[in-house]
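The following exercises are to be worked with the sequence and the model in view. Each task is followed by a solution in steps.

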Amino acid sequence: MLRNAAVLVEGARITAVGPYAELRAAHPQADEVAVRGVLFPGFIDCHTHAVFGAPRLDDHERRALGQSYQAIAAAGGGILESVRDVRARSEDALAGLARARLDALRAHGTTTVEIKSGYGLARDAELKQLRVARRLAADGSPAVVPTFLGAHEVPPEFRDRREAYVALVCDEMLPAVARESLARFCDVFCEPGVFSPGEARAVLDAARRHGLGLKLHADELEESGGAELGVSLGAVSVDHLASVSDAGVRALGGSATVAVLLPATMSFLGRLRQAPARRLIDAGAVVALASDFNPGSSPTVGLPGVMSLAVSQLGMRHAEALTAVTVNAAAALGLAADHGQIAPGMIADLVAADVADWREVAYWVGANVVTAVWTAGSACPRLPGPISLGLNVQA
Ligand SMILES: [Zn+2]
């Protein structure tokens, strides 16, 4: 924590950090932007499903009335509702919705966002989602890291022949994704009732052969050895972990695989169980936090709110929560060499918050304390008026 400090930015990168008086004297020609409050490294949201159509408000209400996940799915809700929606919507329409939503994430301090496919579950619809992510990446702000998640769920047309769907993911979708360089990572939803560890391994082995980095949704609602599988495959991260086993905690503690925790999801689903952040940190695991931004289980736009949950529900200290959305989140995307810190050589992704004590960023629940955002050295425009997130964003 530096006081009365300055950050020197040249082009897209930070070139010096130090006492204001020293840097000002050494660089008398530099333009100056005064920042009131605290300057943070840009927040990195390392797990989202940000390309989707309509919000799932009926699911939300059914859960409030006590309906189970299975009952909601049987009534036409759940992931498959978003799948029908994404399949039917044009690439342009999805891009318009996602652009507005990324603007909202950025207004809360997110300067890099990972985006997964997984609401297509068919070759062309998966590629459509990833092409939307590529269009958003071309805009450059926030920076976008695309992940292929064709193995998010077994689509209804493969219900009775799931091996054929796994084969489709491995033999058709992954080669097409690799051919167009549409994703940096491949992810699998490894959970009892979704994909087994054996199926997840088959998909991730194929992904590795195509040059993709590996991620895994693991041990979210039930323990199935997903964390251990991710570590054994050298995955860059294993995500969720609310039900991780003791063996999984030990495996993560002895590895460089990042444990990505998503407390907003468990909170939104009304689950009392959260990932054992304290045990993971004490075991030596690298812990990151993310929003899991998605229409079903986490319509959460701000990482400050996730940090707040991490402190109040996961027992993380403020400094651990901040590390978890900056340098550790960068590591979960393979970007730690030049993202997630205010230091010479780093990309100049910066967030200003009008607070007197930096811990306030994780304290004012529901408030957006972010006053300015820079990505790759450029000031981001402030959002005009209220934030639109639903289907009215193109109006
Ligand atoms: Zn997810």
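**Exercise 1. Explain why the sulfur of C380 forms no bond with its closest cysteine sulfur.**

Step 1. A disulfide is a covalent bond between the sulfur atoms of two cysteines; the criterion applied here is a pair of cysteine sulfur atoms within 2.5 Å.

Step 2. The closest cysteine sulfur to that of C380 belongs to C46 and lies 19 Å away, so the two are too far apart for a bond.

Step 3. For C46, the nearest cysteine sulfur is that of C186, at 17 Å, and C46 is in no disulfide. The structure as a whole holds zero disulfides.

Step 4. Residues are classed by relative accessible area: buried means under 20%, exposed over 50%, and partly exposed in between (1.4 Å probe, protein chains only). C380 counts as buried because its relative accessibility is 14%, and C46 is buried at 0%.

A note on the model: it is a predicted one, in which local features need pLDDT of at least 70 and side-chain atom pairs count only at pLDDT 80 or more, while totals for chains, interfaces and linings use all residues. Residues are numbered from 1 along each chain as its sequence is written, and side-chain values use heavy atoms, with hydrogens and water left out.

**Exercise 2. Identify the residues that coordinate the zinc ion, and give their spacing along the chain.**

Step 1. Donors are N, O and S atoms within 2.8 Å of the metal (3.2 Å for Na, K and Ca); water is not among the atoms, so sites may look incomplete.

Step 2. The zinc ion is held by the NE2 atoms of H47, H49 and H217, at 2.0 to 2.1 Å.

Step 3. Along the chain, these donors follow the pattern H-x1-H-x167-H.

Step 4. H47 counts as buried because its relative accessibility is 0%; H49, at 2%, counts as buried too.

**Exercise 3. Describe the lining of the largest pocket.**

Step 1. On a 1 Å grid over the protein atoms alone, a pocket is an open set of points where a 1.4 Å probe fits, with protein on both sides within 12 Å along at least five of seven lines; lining residues have an atom within 4 Å of a point. Grid points are joined across faces, edges and corners, and a volume is the space filled by probe spheres set on the points.

Step 2. The largest pocket contains about 1300 Å³ of space. Its lining has 34 residues, with A5, A6, V7, V35 and L39 closest to the centre.

Step 3. Helices (H or I, at least four residues) and strands (E, at least two) are DSSP runs, numbered from the N terminus. The elements β1 (5-10), α1 (20-26) and β3 (38-41) each supply at least two lining residues; β1 has the largest share, five residues.

Step 4. Ala, Val, Leu, Ile, Met, Phe, Trp, Tyr, Cys and Pro count as nonpolar, Asp, Glu, Lys and Arg as charged, and the others, Gly among them, as polar. The lining of the largest pocket thus divides into 25 nonpolar, five polar and four charged residues.

**Exercise 4. Locate A104 and state whether A104 is buried or exposed.**

Step 1. A104 belongs to helix α5 (residues 91-107).

Step 2. A104 counts as buried because its relative accessibility is 0%.

Step 3. L383 is 279 residues from A104 along the chain, yet their C-alpha atoms are separated by 7.8 Å.
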